[in-house]
Amino acid sequence: MKYALIGCGRIATNHIKAVLNNDLTLAAVCDVDPAHMESLLAKHDLQKDASIRRYTDYQNMLEEVNPELVGIATESGIHAEIALNCIDHGVHCIIEKPIAMSMADADEIIRRAEEKKVKVAACHQNRFNLAVQETRKALEAGRFGRLSHGSIHVRWNRNEDYYAQAPWRGKWALDGGALMNQCIHGIDLLRWMFGDEVEEVYGATRQQFHRYLEAEDVGMAVVKFKNGAIATIEGTTNVYPRNLEETLYLFGEKGTVKIGGKSTNNIDVWDFSDETGEDVSNKHLQEVTSNVYGNGHTSLYADMIEAIREDRKPYVDAVAGRNALEMVLAIYRSQKEGAPVRLPLKNFKSEDMTGEFHV
């Protein structure tokens, strides 16, 4: 299957690993800065491969290479524009999170993909973490009973050097803040585990330490689900001196699970009323990862390839990406209006937060 990557920044190496692990044909890479392309290819010892074409204009690449599948890993603010162009060319897409920066764009990606019969996957790769998959299996088997409440804590560190690497980071139009960039994976897991149907979100955000940014560096929220469960969200890049944890809690009438580690990659607590011998291996499950992005890109790519070949929905489809985006934008709107926000959310975008904090 012919593949092309659009955007060769920090996260791109995970996409290239997934491409190589799944034996895709890497036909082209694209970035506005040629040095980014060469650095990425050299990192994977591909710099001398003349069959990999280089482009600084993704539209030229689409026309000339005609890939079957693309990965979109540019700055967040242009994900939707690129995705819609790819969809119009009949090209299947894996879009890095967030899939868009506005509800209108996210909904249009879903609508147009269905119209053109194109597969779109949202890159929420942590759904494939071993700990997450085991928890999901228990949930789908009804082992928790009725869910009471839960929480996601993303307690990470990002310093000024990180933001200096790319001037788009922390901008409302191109990135958003800690919730949109770093914490959206955990927010996706929380919403997914609690049944996706959200009634109301009440949030507050602040810019405490990163005064050189436009957007927030900490956000908290209370979420009411339609099934009666409630949950809290805490996301920040203010933890000193380094990443501390990404932790998901689920509390049910017959089960309690705590998924911990730096990126929801370990099981810290695994207790069920109907415990079996198979549960022993889950009680202290740990998945070794080389960074906070985890190992899920390879599995997400494998699923997408299979979805294309079998003509089915990807495991993490565009609707999943839209739902995670909606949660973040609902917190933003709640901060802006100082009131709870009922879902579904319409006509709101990250840029509507412009001027919320002093810069």
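In the predicted model, Arg143 lies over the face of Phe272, at 4.4 Å from the ring centre. The ring of Phe272 also takes part in an aromatic pair with Phe144, which is edge-to-face, with 5.0 Å from centre to centre and 80° between the planes. This pair links distant parts of the chain, since Phe144 belongs to the loop between α6 (130–140) and β7 (147–155), whereas Phe272 belongs to strand β13 (residues 266–272), 128 residues apart. Phe144 is buried, with a relative accessible area of 1%, and Phe272 is likewise buried, at 7%.

Arg143 has a further partner in Asp279, with which it forms a salt bridge whose closest N and O atoms are 2.7 Å apart. Because Arg143 is found in the loop between α6 and β7 and Asp279 in the loop between β13 and α10 (296–310), this salt bridge ties together parts that are 136 residues apart in sequence. Both Arg143 and Asp279 are buried.

A second salt bridge joins Arg155 and Glu245, with 2.6 Å between the closest N and O atoms. Arg155 is part of strand β7 and Glu245 is part of strand β11 (residues 245–252), so that the pair ties together parts that are 90 residues apart in sequence. With a relative accessible area of 21%, Arg155 is partly exposed, while Glu245, with a value of 16%, is buried; the two residues are thus assigned to separate classes because the boundary for burial is set at 20%.

Strand β13, which holds Phe272, also contributes Asp268, whose side chain meets that of Lys258 in a salt bridge (3.8 Å, N to O). Lys258 is located in strand β12 (residues 255–260), and the two residues are 10 residues apart. Asp268 is partly exposed, with a relative accessible area of 37%. Elsewhere, salt bridges that share partners join Asp88, Glu108, Arg111, Arg112 and Glu115 into one network. A search of the whole structure finds 28 salt bridges, among them those of Arg143 with Asp279 and of Arg155 with Glu245.

For the aromatic residues, a search of the whole structure finds 11 pairs, and one aromatic cluster is formed by Phe128, Trp192 and Tyr315. A charge over a ring is also found at Tyr162, where the charged end of Arg158 sits 5.2 Å from the ring centre.

Note on methods:
Residues numbered from 1 in each chain as written. Predicted model: local features only at pLDDT ≥ 70, side-chain atom pairs only at ≥ 80, totals over all residues. Heavy atoms only, no water. Phe/Tyr/Trp six-rings, centres within 6.5 Å; stacked < 30°, edge-to-face > 60°. Helix = DSSP H or I, 4+ residues; strand = E, 2+ residues; numbered from the N terminus. Buried < 20%, exposed > 50% of the residue type's maximum accessible area, 1.4 Å probe, protein only. Lys NZ or Arg CZ within 6 Å of the ring centre and 35° of its normal. Salt bridge = Lys/Arg side-chain N within 4 Å of Asp/Glu carboxyl O.
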